[in-house]
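Me: Could you take a close look at one part of this structure for me? I'd like to hear about the charged side chains and how they pair up.

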Amino acid sequence: MSTPAIVLIIAAAVAILLLVLSVRIVKQYERGVVFRLGRVVGARDPGLRFLIPIIDIMHRVSLRIVTMPIQSQGIITRDNVSVDVSAVAYFRVVDAVKSVVAIENVRAAINQIAQTTLRKVVGRHTLDETLSETDRINDDIRMILDVTTVDWGVEVTLVELKDIQLPDAMKRAMAKQAEAEREKRAKIINAEGESLAAAALGAASDTMMAHPLALQLRNLQSLVEIGVDKNTTVVFPAPLMSTIGELGNFLTHEAEASHRPPPATPATNGGSAPPATPARS
């Protein structure tokens, strides 16, 4: 083989090698940050990209949302209650160049700043606020993280408190408080029911006073209700017993009047009655 042929083959091999080294493929969810001799020359969009071999270096940056759990933190609330709070954060890179140039490890940095922010925000609230106002706490943490990470080319999309662990003594105290609250509501409802029942009974008594027959009908209705279960003992209301007693006295009086002799009738023929003869001793 002649020397020109060998040179041509070597040149072709080198060209193919340089072509392979210069080709880069950027995926749809990625951006490529290109450094040329140590300086940033820009970001490359998805697709087939060509670089200058050895001179250009490209770092791929994912733009997908990252789910990052925040490990449980021992926090003392504003009312001096110790709780363990864990959370989860969602973030994504919006500026590929800043995420590479401004900070060394974006994920580790966000993890650390999220832990300290969680501790600071929860520590400003009481235990009741931490349990009932989680949405506001989530928004406060997200806003603080956004302000910090904007220079890193990162956007924190969502922060959620995942778990809140309370001491056993606090759990028992909260259970007692909830039980007392329910008992209070039950007593209030019972008192309101008694008040309404008393008002209704007062109105019913006024109606019965205006209509005495209604009271007797009510007594009879009570007897009907008592007799439903076929009880052997029947208790008569006092007004009904007095009525029965009055009815008995009336019947006795009528019976005595029927057995009494009729009074003597005076003479109507104009004559005078014979004088009574005095008794002799």
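Which residue forms a salt bridge with Glu155, and how far apart are the closest N and O atoms?

Reply: Sure. Keep in mind that this is a predicted model. The partner of Glu155 is Arg92, and the closest N and O atoms of that salt bridge are 3.1 Å apart. Glu155 sits in strand β8 (residues 154-165) and Arg92 in strand β7 (residues 82-93), so this pair ties together parts of the chain that are 63 residues apart in sequence. As for exposure, Glu155 has a relative accessible area of 31%, so it counts as partly exposed, and Arg92 is partly exposed too, at 30%.

That pair belongs to a set: the structure holds 9 salt bridges. Another one joins Asp56 and Arg36, with the closest N and O atoms 2.7 Å apart. Here, too, distant parts of the chain get linked, as Asp56 is in strand β5 (residues 56-62) and Arg36 in strand β2 (residues 30-36), 20 residues apart. Asp56 counts as buried because its relative accessibility is 6%, under the 20% cut-off, whereas Arg36, at 33%, is partly exposed.

For a pairing inside a helix, go to Lys184 and Glu181, whose side chains meet in a salt bridge at 3.3 Å, N to O. They are 3 residues apart in helix α6 (residues 168-210), which means about one helical turn separates them. Lys184 is partly exposed at 43% relative accessible area, and Glu181 is partly exposed at 31%. Arg185 joins in as well: Glu181, Lys184 and Arg185 are linked in a network of salt bridges.

Terms used. Residues are numbered from 1 along each chain as its sequence is written. This is a predicted model: local features need pLDDT of at least 70, side-chain atom pairs count only at pLDDT 80 or more; totals for chains, interfaces and linings use all residues. Side-chain values use heavy atoms; hydrogens and water are left out. A salt bridge is a side-chain nitrogen of Lys or Arg within 4 Å of a carboxyl oxygen of Asp or Glu. Helices (H or I, at least four residues) and strands (E, at least two) are DSSP runs, numbered from the N terminus. Buried means under 20% relative accessible area, exposed over 50%, partly exposed in between (1.4 Å probe, protein chains only).
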